[in-house]
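Okay, thanks for coming, everyone. Today I'd like to talk about charged side chains, so let me put the structure up.

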Amino acid sequence: RVILFFCDFDTARRRMLARFDHKVEEEKALTPLAESILPFEVPVAYPFLALNTSDESSEATETRKQLVVNFLSGKWIPDTTEMAARAEEAKNYIAASKRAVRKWLKK
C-alpha cells in the first residue's frame with residue numbers, strides 16, 4: 001500500500017520555514033521544496049491513497065489518522081473512482097505548488 005501526503009503551497013511553505021526555525025532566508029528554504037515536488041504516477045498494482053494534509057485542525061488530523069490506520073490494516077480500501085479523484089486532487093495541488101514556488105523564487 002502507498003500513501004501520498006500532500007498539501008497546498010502556503011501550508012508547505014509554512015511547514016518548511018518552521019523546520020528551518022526561520023534561520024535561513026525564505027528563498028533558500030523554498031529551494032528544496034521546489035526540487036522535491038516531482039511528478040508521480042498512481043500505482044496500478046497495489047492500493048493507493050492520497051491524503052490532503054492542508055487542514056491541520058485536530059478533527060482533520062484525527063480523520064486522516066483513522067483513514068491511514070484503516071487503509072494500512074486493510075479494513076478500508078478506496079474504490080477505483082475515489083482513488084482516481086484523490087490522485088487528481090494531489091496532481092493539481094502539486095502542479096499549483098510548482099507554479100507558486102517558481103513565482104516565489106523569481107521575486
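Let's start with the network: R14, R15 and E56 are joined up through salt bridges. Keep in mind that this is a predicted model.

So how far apart are the closest N and O atoms of R14 and E56? They sit 2.2 Å from each other in this salt bridge. And the two residues come from distant parts of the chain, 42 residues apart: R14 belongs to helix 1, residues 9-19, while E56 is in the loop between strand 2 (48-52) and helix 3 (58-73).

Now the other arm of the network. E56 also forms a salt bridge with R15, at 2.8 Å from N to O. Again that links distant parts of the chain, with E56 in the loop between strand 2 and helix 3 and R15 in helix 1, 41 residues apart.

Are R14 and E56 buried or exposed? R14 comes out as partly exposed, with a relative accessible area of 42%, and E56 is partly exposed too, at 40%.

Okay, over to helix 4, which covers residues 80-105. Here R86 and E82 make a salt bridge, 3.0 Å from N to O. Both are in that helix, four residues apart, so about one turn of the helix.

What about accessibility for this pair? R86 has a relative accessible area of 17%, so it counts as buried, since the cut-off is under 20%. E82, at 29%, is partly exposed.

And how many salt bridges does the count come to? Three. That's it from me, happy to chat.

Note on methods. Residues numbered from 1 in each chain as written. Predicted model: local features only at pLDDT ≥ 70, side-chain atom pairs only at ≥ 80, totals over all residues. Heavy atoms only, no water. Salt bridge = Lys/Arg side-chain N within 4 Å of Asp/Glu carboxyl O. Buried < 20%, exposed > 50% of the residue type's maximum accessible area, 1.4 Å probe, protein only.
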